[in-house]
Amino acid sequence: MNVSAVPALLALATVGAILAGGGRSGMAAEPAPAGKAVAAPAGESSVVLADLKAIKQTMQQSHGRTLLVHFWASWCLPCMEELPLINRYAQEAKGQGVDVLSVSLDSPDAAPRVAKVLSRSAPNLTRTIAKIDDADAFIASFDRQWEGAIPALFGFDGDGKLRGRRIGEATRRQLDGLVGEVIGKPFSAAGAAATAKKK
């Protein structure tokens, strides 16, 4: 499966109608979003609610580095299948100048579920839930060609310019290809990680 079966724009509009807040992530492997922490179940790290301004501020933390902005939701089966891969990729690519900012499109009410999913399947990803006031503006602020389908990845260069996108569930090769589009040359996070381990 490549794209969530839920009509993405409708899903984003629904999420946008019920979200509120802002947040900060404590995950060392990713940028740290600004905003408001949301309570999580005992034993789980909290998640963060971040509005568009906070997400954009977080993106600026990756100035000079390649940034992949990843959108997903716990109700999206392709997203859930892709999440462990994105987690591994974020960890492997970090040392090669690539950051991954992962943002859930779940509602704040789902924060406990999001916290559990991330703890179990993607502990290296940012623990952020988007606060969407205007779904159309939110979507357009990342890519005017994006219609809201998830999972979605957007690749930004070190100056913050959008250089590539991947809509639908990605493979490792497609992730490397997206980074390659951004940096303008072939890229392999796995090869780079293996070389780093040998040193």
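Author: Contact here means heavy atoms within 4.5 Å. The model is predicted.

Reader: Which residues of α3 and α4 meet by that definition?

Author: Met 80, Leu 83, Pro 84 and Asn 87 in α3 meet Val 117, Leu 118 and Ser 121 in α4. The residues of this contact divide into 5 nonpolar, 2 polar and no charged.

Reader: What makes α3 oblique to α4?

Author: Helix α3 (residues 77-94) and helix α4 (residues 111-121) pack at an angle of about 50°, and their axes are 9 Å apart. Angles under 35 degrees count as roughly parallel, and 65 to 115 as roughly perpendicular. An angle of about 50° belongs to neither range, so α3 is oblique to α4. The crossing of α3 with α4 is right-handed.

Reader: Why are α2 and α5 called roughly parallel?

Author: The axes of helix α2 (residues 52-60) and helix α5 (residues 135-142) cross at roughly 15° and come within 11 Å. That angle is under 35 degrees, therefore the two helices are roughly parallel to each other. Leu 52, Ile 55, Lys 56 and Met 59 in α2 meet Phe 138, Ser 141 and Phe 142 in α5. Here the division is 5 nonpolar, 1 polar and 1 charged.

Reader: How do you know that the span of α6 agrees with its 12 residues?

Author: At 1.5 Å a residue, helix α6 (residues 172-183) should span 16 Å. The C-alpha atoms at its ends are 17 Å apart, which agrees.

Reader: What makes Leu 175 in α6 buried?

Author: Buried means under 20% relative accessible area. Leu 175 meets that cut-off, as do other residues of α6, including Asp 176 and Val 182.

Methods:
Residues are numbered from 1 along each chain as its sequence is written. This is a predicted model: local features need pLDDT of at least 70, side-chain atom pairs count only at pLDDT 80 or more; totals for chains, interfaces and linings use all residues. Side-chain values use heavy atoms; hydrogens and water are left out. Helices (H or I, at least four residues) and strands (E, at least two) are DSSP runs, numbered from the N terminus. The expected span of a helix is 1.5 Å times one less than its number of residues. Buried means under 20% relative accessible area, exposed over 50%, partly exposed in between (1.4 Å probe, protein chains only). Axes are lines fitted to C-alpha atoms, for helices over the stretch in contact, and angles run from 0 to 180 degrees between N-to-C directions. Angles under 35 degrees count as roughly parallel, over 145 as roughly antiparallel, 65 to 115 as roughly perpendicular and the rest as oblique. A crossing is left-handed if the near helix is turned anticlockwise from the far one by less than a right angle, and right-handed if clockwise. Ala, Val, Leu, Ile, Met, Phe, Trp, Tyr, Cys and Pro count as nonpolar, Asp, Glu, Lys and Arg as charged, and the others, Gly among them, as polar.
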